[in-house]
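Reader: I am new to this structure and would like to learn how to read it. Could you take me through it one feature at a time?

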Amino acid sequence: MNSTPDRSTITSQRKNRSMCQHQPSCPTADSADREAALPVAYHPEQGWSLLCNGVLLFEDTGELLPNGTIIAPHRPVGPVVRAA
Ligand SMILES: [Zn+2]
């Protein structure tokens with residue numbers, strides 16, 4: 001058996017390790033389903049929650065990613081009637 005992991009395997013493991021102490025680990029902050037991460041801090045009185053992957057999720061569905069990227073509110077709730 002070839003038990004030597006290649007570089008890409010090591011790299012992906014490091015990237016996926018994040019802060020998660022559980023399995024399966026949460027989606028990373030740069031993945032499309034980042035909002036599916038577990039909330040680790042919830043402050044409804046302030047209108048935000050902190051997800052396990054480091055994403056700040058605001059009650060208006062806006063997000064602040066760990067790398068400083070700001071995601072505009074997109075409101076997944078309710079009908080989407082935006083004409084692109
Ligand atoms: Zn997690």
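**Reading one residue, then the whole**

Author: Let us begin with a single residue in this predicted model. F58 counts as partly exposed because 14 other C-beta atoms lie within 10 Å, a number that falls between the limit of 12 or fewer for an exposed residue and that of 20 or more for a buried one.

Reader: Where is F58 found, and with which residues is F58 in contact beyond its neighbours within four places in sequence?

Author: F58 belongs to strand β3, which covers residues 56-58. Once the neighbours within four places in sequence are set aside, the contacts of F58 are G47, W48 and E63. One can also compare separation along the chain with separation in space: P44 is 14 residues from F58 in sequence, and their C-alpha atoms are 9.0 Å apart.

Reader: How many helices and strands are there in the protein, and what pattern do they follow along the sequence?

Author: The protein has 1 helix and 5 strands, and reading along the sequence gives the pattern α-β-β-β-β-β. The strands form an open sheet in the order β1-β2-β3-β4-β5, and their pairing is antiparallel. At the edges are β1 (39-43) and β5 (70-71), each of which pairs on one side only.

Reader: How many bridges join β1 to β2, and which residue is the partner of A41?

Author: There are 4 bridges between β1 and β2 (residues 48-51), two strands that run antiparallel. As an example of such a bridge, A41 has L50 in β2 as its partner.

Reader: Which backbone features should I look at in the loops?

Author: The general idea is that most residues other than glycine have a negative phi, and that most peptide bonds are trans. Against that background, the bond joining Q23 and P24 is a cis peptide bond, with omega about -5 degrees, and P24 is placed in the loop between α1 (7-17) and β1. T61, although not a glycine, has a positive phi of about 75 degrees, and T61 is found in the loop between β3 and β4 (63-64).

Reader: Is T61 buried, exposed or partly exposed, and why?

Author: T61 is partly exposed, because 14 other C-beta atoms lie within 10 Å.

Reader: What percentage of the residues in the protein is buried?

Author: Of the 84 residues in the protein, 13% are buried. For contacts between residues at least 6 apart in sequence, 20% join residues at least 24 apart.

Technical notes. Residues numbered from 1 in each chain as written. Predicted model: local features only at pLDDT ≥ 70, side-chain atom pairs only at ≥ 80, totals over all residues. Contact = placed C-beta atoms within 7 Å. Pairing = 2+ DSSP bridges.
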